[in-house]
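Student: Could you take me through the salt bridges in this one, up close? I'd like to hear what they link and how exposed the partners are.

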Amino acid sequence: MYKLRDNSIYQSDIKQVVNTELPWKLLEGKRLLITGATGMISSVIIDILMERNQSVDKDNQKIYIIAVSRNAEKAKCSFAPYWDNPFFTYISHDINIPLPELGDMDYILHAASNTHPRAYATDPIGTITANVQGTYNLLDYASSHHCKRFFFFSSVEIYGENRNDVDKFNESYLGYIDCNTTRAGYCESKRLGEALCNAFASQKAQDFIIGRFSRVYGPTMSMEDSKAIAQFIKKAVAGEDIVLKSEGNQLYSYIYVVDAAVAALCLLIKGEVGSAINIADSASDITLKDLAALLAKEAGTKVIFELPDAIEQAGYSTATKAILDSTKIEQLGWQAVTPIKEGLSKTVKILRE
């Protein structure tokens, strides 16, 4: 991960964000606690904020980051360039346990969660507790430590199955979820996490914002990620055939991780209190088979078909069409800048290097 931060393509992405017209002044001198800090989106957010700190001279313009995750060794590798920086603090902590005393916090971004099918299937209890018990612990800390805003990282998965009555999910849509399955632990616990945010707003006046992320991809993905797009990317990086474990007719929304990180910062700063907002790139709606074909072309290989094993099958989404309506976040002035073809090419090049 340290080498990732030396990559010229990734550096260019991060610097481009810092030069955007976000109202950065609203974050100057603020303390941000970010859970799941080494995760795909949160690690990019940290890189953006630390790059922003590099671009300003005065200490009172800099942003204080408290990064929280369980694996200290992984974090030290990921955040080696910042480890001794006075504006970066790392804490190894399981969010299923209440936070230690860290002082008042201006913003809390809760991104700690299992996020891929094999994790849902092999650690269903941990999947639920991070989204429920962990969210409760963090909201409890926020409400008792003058937190200006709590940001809950939610998911397209809360919408469930498309009932074939809409082309895109707007924020008021509610589809069907069969709660009597192992995989439902992820969808239902994300729904309950959103409900907890509303409960703390009602009972303890805690400000919150919810980002409902579409399927995210990019060079910060975990090598253990078992989502279809992550598997495709790993095969493309290795120059191998892309393995498709279905007919590939599923139609989903995707977003490049740097665009997702910018969207999160936009919502954190500009989002309406108590709202839940979709985060998706309208130029990156694509079927799995077309996604596989793009990566096979990038790798100079071909697409082959293979049946999933039982563990993979248990964690797979049964949704066949899950397109997010991104109108609301675009009204806040955010636009994705990296469409799917360009994002996949960048990701493969960065990971190869």
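**Salt bridges and the loops around them**

Tutor: Let's start with a network: Asp 13, Glu 342 and Lys 346 are linked to one another by salt bridges. Bear in mind that this is a predicted model. Across the structure there are 16 salt bridges, and a few of them deserve a slower look.

Take Asp 207 and Arg 149, which form a salt bridge with their closest N and O atoms 2.7 Å apart. Asp 207 sits in the loop between helix H7 (184–204) and strand E6 (208–213), while Arg 149 belongs to strand E5 (residues 149–155), so this pair ties together parts that are 58 residues apart in sequence. As for the surroundings, both Asp 207 and Arg 149 are buried.

Next comes Lys 302, in a salt bridge with Asp 241, where the closest N and O atoms are 3.0 Å apart. This one runs from loop to loop: Lys 302 is in the loop between helix H10 (288–299) and strand E12 (303–305), and Asp 241 is in the loop between helix H8 (228–238) and strand E8 (242–244), so the pair ties together parts that are 61 residues apart in sequence. Asp 241 has 23% relative accessibility, so it counts as partly exposed.

Lys 245 forms a salt bridge too, with Glu 306, and here the closest N and O atoms are 3.8 Å apart. Lys 245 lies in the loop between E8 and strand E9 (251–256), and Glu 306 in the loop between E12 and helix H11 (310–315), so the pair ties together parts that are 61 residues apart in sequence. Lys 245 is partly exposed, because its relative accessibility is 26%. Glu 306 is partly exposed as well, at 41% relative accessibility.

While you're looking at the loops, go back to the parts around the Asp 207 pair and check the backbone. Most residues other than glycine have a negative phi. Ala 205 has a positive phi of about 55° although it is not a glycine. You'll find Ala 205 in the loop between H7 and E6, which is also where Asp 207 lies. Unlike the buried Asp 207, Ala 205 is exposed, with a relative accessible area of 67%.

His 146 is another residue to check: its phi is near 55°, again a positive value in a residue other than glycine. His 146 is in the loop between helix H6 (133–144) and E5, and E5 is the strand that holds Arg 149. With a relative accessible area of 63%, His 146 is exposed, whereas Arg 149 is buried.

Terms used: Residues numbered from 1 in each chain as written. Predicted model: local features only at pLDDT ≥ 70, side-chain atom pairs only at ≥ 80, totals over all residues. Heavy atoms only, no water. Salt bridge = Lys/Arg side-chain N within 4 Å of Asp/Glu carboxyl O. Helix = DSSP H or I, 4+ residues; strand = E, 2+ residues; numbered from the N terminus. Buried < 20%, exposed > 50% of the residue type's maximum accessible area, 1.4 Å probe, protein only.
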